[in-house]
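User: Please take a close look at one strand of this protein and describe how it sits among its neighbours. I would like one connected account, with the cut-offs behind each term.

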Amino acid sequence: MPTPSLTKNILEKLTTIVGPAGIETNKEELLCYSYDGTGQEFLPEAVLFPENTKQVAGIMKIAHAHTIPVVPRGAGSGMTGGSLPLKGGLVLALAKMNRILEVDPENQIAVVEPGVITGNLRKRVAQDGLSYPPDPASVAFCTMGGNVAECAGGPSAVKYGVTRDYVLGLEVVLSDGRILATGVRTNKGVVGYDLTRLFTGSEGTLAIITKIIVRLIAHPTATRTTMLLFGDLQEATSLVAKLLLSHTPAKLEYLDGTALNIVAGKLPTPLPKGTRAMLIIELDGDPESVAIQAEKLDLFLARQPAIQQQVNATDAKQAKRLWFARKQVSPSAFKLKPDKISEDVVVPKTKIPDLVQKTEKLARDLNLLIFTFGHAGDGNIHVNIMVDKSDHKEYARAKQAKESLFKAVLELGGTLSGEHGVGTTKAEHIGLELSETSIAVMKELKNVFDPLNILNPGKIF
Ligand SMILES: Cc1cc2nc3c(=O)[nH]c(=O)nc-3n(C[C@H](O)[C@H](O)[C@H](O)COP(=O)(O)OP(=O)(O)OC[C@H]3O[C@@H](n4cnc5c(N)ncnc54)[C@H](O)[C@@H]3O)c2cc1C
């Protein structure tokens, strides 16, 4: 248990800022802010619900004066422990700062508060024929603040990129309570260092994000969604790099046999016997361009003998059902075992088959259930090591598998995380990828922004 840092006097000062309705200290309520997608649990001493930047700045001034840990929190859907108060102190729940402040269709930008649910922004800008492309599978409940802090990605990253490709500027509150505006409202801007990019992906360790300016693009008016079924996972994943040489799908995902089995009942069509892998390919654009892309893709696919069956979604409803099934893979995994170690490694696209092979070997050698699925088009593979943590021997083998997986990924020229970040779960492993100098420079940067180490302490390093 960390040493409590909140006195009655400090709690009173904080209450003056957010009002009695903006602070929670009841244990039952605190429990709701003690977990995230990893299943770990750390209890804060208080949760604060600021409604505006001024309140966030006031809170940070008090936290700074009394050296109190502050952990910003969006929806708590993170997969690496980022929003957990490891050292106690305050959780800063940003859910009440959930206004879409501006949508400017002509200049194709939007300005939002950090608590805006990403899916709500996407729906709102679609009314103006615009798209905010980043689409993490958690889009229906995760927040824009959490997305920026993790630099979230999703299936459409293969064509459209990730969160950082859309963040033009930010308003942040620094650890001492100063308010800083970074970036621009224009598509270009190179005045000074790019602090916007530095804060994007900084996992709540450098500043509290209180406003986000994002770039929007024209909404594609047509799509075509295709399922490709394979009897062999190697053959499915080998097709990815080959396909991307001459096609630009909006999404290119894969599911292995286990992932398919756990969502089989949710898929729009029954799977033929012997299906061991699926690729999902979505094309988008205006109707004419989708028709041309589809014709070219179908010619290519017809020449691939490894494909067991090609099923094109007949309508938007069927495509929606397919994507729903894909989104259900992660939560449905708990049908297999009570716990999972969930990694989001990335390898060069040509190396996906090697990674899959290495993962299958790890599962055999260590007698574990490991399955993979994910953003094949980016080489960003979700490796799920299924485990029962109460079985200590199995859990030890699972941790061994994770370490071996990371080493294999780096040998293949990859990286340990494509979108979930480091948080607590990869902190002890970053030295495998980053040099001592790199880590030292990052710690120096952390020290510039947060010399007292009060912002999300214990994360990344
Ligand atoms: C079923 C499921 C599917 C998922 N699919 C994807 C996916 O496809 N792609 C993907 O990238 N991720 C995915 N995730 C992970 C998660 O949804 C993302 O990391 C998301 O960006 C987290 O947003 P959140 O609002 O839940 O943030 P939280 O989990 O609350 O916080 C995440 C991190 O951001 C920090 N933070 C939050 N708000 C702020 C702020 N205002 N200022 C500074 N720091 C802040 C926190 O301190 C923490 O370090 C998935 C998670 C689940 C449960």
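Analyst: Eight bridges connect strand 16 (residues 339–346) with strand 18, and the two run antiparallel; helices (H or I, at least four residues) and strands (E, at least two) are DSSP runs numbered from the N terminus, and two strands count as paired if DSSP finds at least two bridges between them. This is a predicted model, in which local features need pLDDT of at least 70 and side-chain atom pairs count only at pLDDT 80 or more, while totals for chains, interfaces and linings use all residues. Residues are numbered from 1 along each chain as its sequence is written.

Within the pairing to strand 16, Val345 stands opposite Ile381 of strand 18. Strand 18 also pairs with strand 17 (residues 369–375), again in the antiparallel sense, over seven bridges. In that pairing Thr372 faces Val383, and Phe373 has His382 as its bridge partner. The hairpin of strand 17 and strand 18 has four residues between the strands, and in it Gly379 takes a positive phi near 70°.

Strand 18 itself (residues 380–387) is mostly covered, with eight of its eight residues buried; buried here means that 20 or more other C-beta atoms, placed from the backbone, lie within 10 Å of the residue's own, whereas 12 or fewer make a residue exposed and counts in between make it partly exposed. In a regular strand the side chains alternate between the two faces of the sheet. In strand 18, Asn380, His382, Asn384 and Met386 point one way, while Ile381, Val383, Ile385 and Val387 point the other way, and all of them are buried.

The wider setting is an open sheet of seven strands in the order 15-12-14-13-17-18-16, with antiparallel pairing. Its edge strands are strand 15 (307–312) and strand 16, each of which pairs on one side only. From one strand to the next the twist averages 20°, where axes are lines fitted to C-alpha atoms, for helices over the stretch in contact, and angles run from 0 to 180 degrees between N-to-C directions.

Two helices lie across strands of this part of the chain. Helix 14 (residues 392–411) lies across strand 16, strand 17 and strand 18, running at about 165° to strand 18; contact means that the C-beta atoms of two residues, placed from the backbone, lie within 7 Å. Helix 11 (residues 316–327), in turn, lies across strand 12 (222–230), strand 13 (251–256) and strand 14 (277–285), at about 55° to strand 12.
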